[in-house]
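Grab a pencil and work through these exercises with the model open beside you. Each task comes with a step-by-step solution.

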Amino acid sequence: MSDTNSDDLLSPRAAFALRVLTVVLLAIGLALGVYFWYQNTSTLKSSDARIQGALYSQTARASGQILEVLVKDGDVVEKGTPLLTLHFPELDKQKEDASAALIAARALYAQVSQGRRGQPLQTGGSIDSGAVARLEQAAQHYQKMQELYALGGISAAARDRAASAYEQARQAASATPIMTTTPNQPPDPNEVRMAQQQIQQAEQKLAALQTLEQQKIVTAPTSGTVSLLSVRAGDSVAAGQPLLAVISNTELWLTVRVDTSDAPRLQTGQNVNFVLRDLPGQTFNGEVLETAAAGATGQRQPIKVSLPTETQTLFRPGMLADAEFIF
């Protein structure tokens, strides 16, 4: 028996329909192939995308205690909003000491900048140069302590000790009284420079303590969402210890994670379309700001994408998105 063509087993109409169906299926298959090829070569999709914001951490500037916590994690705050209050037990004493040190430094500068004036001295009949030198030093020291006491830089007891030392030196040098006077001396540049440095250091320390006093109330450094709150009222904290953070709601971007194998295909400036799951039906556009670092490892790499400024108020840190990179 000879072979029979399949079309011979069908009516002409059925054979034609079969040929048309075959052509349609081939066309559909070709179209799907072209579509998926185009999608793989012209776009890259990721459902692993999230809006993130700049993180501003707040730390304790000095050792102290938390008096009151005014917010909780997740609270939305404006810039300058009080977040918590602190108490620094040693601050008041440190400020008093710093003020006294500044007064003393200024008094010392006033003295050395005028040079050393001649002093009338009583010495013995046969002059003892050592006793005269000690009396001169005691006299200068006593004069300095009187000036400091007048300015409030030292206690009365310290001034009286200097007076007593001066009197003892005077008596030791006055066995046979002979009046003599030390010559005037010009200011010593080294002493003047050192006195100026002491004033500058004292002023800086006092200013730092005054700034610290203003930071007893910790305020929000930017508008955003409170995060990483790690202290409670009554907790003791050390200098530099993290207290909380604020995630900015204005300095935002979209982080899209892609497979490591796809990351090299992306470059800065590339267009990105994305849809927020909280706002379905709206498509937003951004561009790649940062790609994965060279040599980065891991199954998925983060890509930083800009957000459109005209709709910035719609975005919040933590929003999830589906993104599509356009090639």
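How many salt bridges does the structure hold? The structure holds seven salt bridges, where a salt bridge is a side-chain nitrogen of Lys or Arg within 4 Å of a carboxyl oxygen of Asp or Glu.

A quick word on ground rules. This is a predicted model, in which local features need pLDDT of at least 70, side-chain atom pairs count only at pLDDT 80 or more, and totals for chains, interfaces and linings use all residues. Residues are numbered from 1 along each chain as its sequence is written, and side-chain values use heavy atoms, with hydrogens and water left out.

**Exercise 1. Work out what the E203 salt bridge connects.**

Step 1: find the partner. E203 pairs with R106, and the closest N and O atoms sit 3.3 Å apart.

Step 2: place both ends. E203 belongs to helix α6 (residues 189-214) and R106 to helix α3 (residues 91-112), so this pair links distant parts of the chain, 97 residues apart. Helices here are DSSP runs of H or I with at least four residues, strands are E runs of at least two, and both are numbered from the N terminus.

Step 3: check exposure. Buried means under 20% relative accessible area, exposed over 50%, and partly exposed in between (1.4 Å probe, protein chains only). E203 is partly exposed at 36%, and R106 is partly exposed at 44%.

Step 4: look along α3. Its buried residues are L91, A98, L102, A105, A107, L108 and V112.

**Exercise 2. Trace the salt-bridge network that includes D259 and R300.**

Step 1: take the pair. D259 and R300 form a salt bridge, with 2.8 Å between the closest N and O atoms. The two ends are in strand β10 (residues 242-259) and strand β13 (residues 300-305), 41 residues apart.

Step 2: check exposure. D259 comes out partly exposed at 34%, and R300 counts as partly exposed at 32%.

Step 3: add the third member. D48 joins D259 and R300 in a network of salt bridges.

**Exercise 3. Describe the surroundings of strand β14.**

Step 1: sort the faces. In β14 (residues 320-326), A321, A323 and F325 make up the covered face, while L320, D322, E324 and I326 are on the uncovered one. In a regular strand the side chains alternate between the two faces of the sheet.

Step 2: find the neighbours. Two strands pair if DSSP finds at least two bridges between them. Strand β1 (residues 43-59) pairs with β14 in the antiparallel sense over six bridges, and S46 has A323 as its bridge partner. Strand β11 (residues 271-276) also runs antiparallel to β14, with five bridges; here V272 is matched with F325.

Step 3: look for a side-chain tie. R277 and D322 meet in a salt bridge at 3.1 Å, N to O. R277 is in the loop between β11 and β12 (283-290) and D322 is in β14, so the pair ties together parts that are 45 residues apart in sequence. R277 counts as partly exposed at 40%, and D322 is partly exposed at 31%.

**Exercise 4. Test the length of helix α5 and find its buried face.**

Step 1: do the length check. The expected span is 1.5 Å times one less than the number of residues. For the 17 residues of α5 (residues 156-172) that gives 24 Å, and the end C-alpha atoms are 25 Å apart, which agrees.

Step 2: list the buried residues. They are A158, A162 and A169.

Step 3: view α5 down its axis. These buried residues fall within an arc of 40°, so they line one face of the helix; the arc is that of the directions from the helix axis to the C-beta atoms.
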